[in-house]
Amino acid sequence: MYIHSDMKSRYIKELKSLPKGKLIGYITNGNQQYYRSQVTNDGTYMRRGIGKDDHMKAQLARREYLQRVIPMLNHNIKILEHAYTHYQTITPDNVISNMSTVYRSLPKQYFTDKSILPERLQQWMDEPFDQSTYKPEEKIHKTSRNLKVRTRAEVIIAEALYSYNIAFRYEQRLYIRNRRYAPDFTIKLPDGRLYYWEHAGKTHDKNYMYDHYDKLISYLYAGIVPGENLILTYDSIDGEFDSEAVHFEIKNKLLSP
């Protein structure tokens, strides 16, 4: 929605800077003739040939394009505003909170998918590990298995991993060239392969994204490569997150042979 609103503002501003009028043309003796037609402030219709003035042709073409795009943006913004207002985030907390007291008193694991992980992977998940201690007060969201994470998007990712019975650790520390990192999710597959999952939420923050790209360079140095053993997902600039992308990544990267 933010992207559409930003485009609309920029296009309206640009439209005001363009010359008024429309481009019309006729073919005379096999040659295309171009004219600029416009109605002046006093209501007089004017038509003036522009010959080989390609700059004027381009400006009038751009004006016509913007005049058609802006109503389309208005249409899309209304739809997105409606969808955003009525969108329901599906998390165990959201669903269970609307149930009666008798249900809310039960453990959350009664409602969610039960893990059927191989014993060695379940042990790997449960055993102590070197977890990041960075700003624990920011871990304000809980998964259905009481894992504390920082964002709603990470809840969605964790719940999806649960549902596909994929073993993972949250923010396990990783050391590369004497620097310490903590990928959001370290994933272990049944064949022993490790995958890493990074979700970038503050895509509107340049400093945050610079740090993110710097981290990716270090990952590459350590052989952690997007498309191979690193999954990357992002919030949109206006903070929206496509949960379908999570299932796509899991099915195509973690469950594929």
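1. T28 has N31 as its bridge partner in β2. The two strands concerned, β1 (residues 22-28) and β2 (residues 31-39), are antiparallel and share seven bridges. Together β1 and β2 make a hairpin in which two residues separate the strands. N29, in the turn, has a positive phi of about 55°. The model is a predicted one, and these values should be read accordingly.

2. On overall form, the protein contains eight helices and eleven strands. Its radius of gyration is 27 Å, whereas a compact globule of 257 residues would have a value near 18 Å. The C-alpha trace spans about 85 × 50 × 35 Å along the principal axes. Of the 257 residues, 33% are buried. Taking contacts between residues at least 6 apart in sequence, 52% join residues at least 24 apart.

3. An open sheet is formed by four strands, in the order β6-β9-β10-β11, with mixed pairing. β6 (167-170) and β11 (230-234) are its edge strands, each of them pairing on one side only. The average turn between neighbouring strands in this sheet is 20°, with direction ignored.

4. Within that sheet, β9 (residues 185-188) and β10 (residues 194-200) run antiparallel and are joined by four bridges. F185 has W197 as its bridge partner in β10. Both F185 and W197 reappear among the residues with the most contacts inside the largest nonpolar core.

5. Two helices lie across strands of the sheet. Helix α6 (residues 152-163) lies across β6, β9, β10 and β11, at about 10° to β9. Helix α8 (residues 243-254) lies across β9, β10 and β11, and runs at about 160° to β10.

6. The largest nonpolar core comprises 28 residues. L161, F168, F185, I187, W197 and L254 have the most contacts inside it. At least two residues of this core come from each of α5 (119-126), α6, β6, β9, β10 and α8. The biggest contribution is that of α6, with eight residues. In soluble globular proteins, nonpolar side chains tend to be buried together.

7. I187 illustrates how this core is connected. Leaving aside neighbours within four places in sequence, I187 is in contact with W124, L161, I166, A167, F168, R193, L194, Y195, W197 and L254. Another core, of eight residues, lies apart from the largest one, and includes I176, Y196, L216 and L230.

8. T203 sits in the loop between β10 and α7 (206-221). Is this loop residue buried or exposed? T203 counts as buried because its relative accessibility is 18%, and the cut-off for buried is under 20%. A polar atom of the T203 side chain lies 3.1 Å from the backbone oxygen of S236. Not counting residues up to four places away in sequence, T203 touches M209, Y234, D235, S236 and I237. Of these, Y234 falls at the end of the edge strand β11 (230-234).

Conventions: Residues numbered from 1 in each chain as written. Predicted model: local features only at pLDDT ≥ 70, side-chain atom pairs only at ≥ 80, totals over all residues. Heavy atoms only, no water. Pairing = 2+ DSSP bridges. Axes fitted to C-alpha atoms, helices over the stretch in contact; angles between N-to-C directions. Contact = heavy atoms within 4.5 Å. Core = buried A, V, L, I, M, F, W, Y, C linked by side-chain atoms within 4.5 Å. Buried < 20%, exposed > 50% of the residue type's maximum accessible area, 1.4 Å probe, protein only. Polar contact = N/O pair within 3.5 Å; in protein donor to acceptor, adjacent residues only side chain to side chain. Rg over C-alpha atoms; globule rule 2.2 N^0.38 Å.
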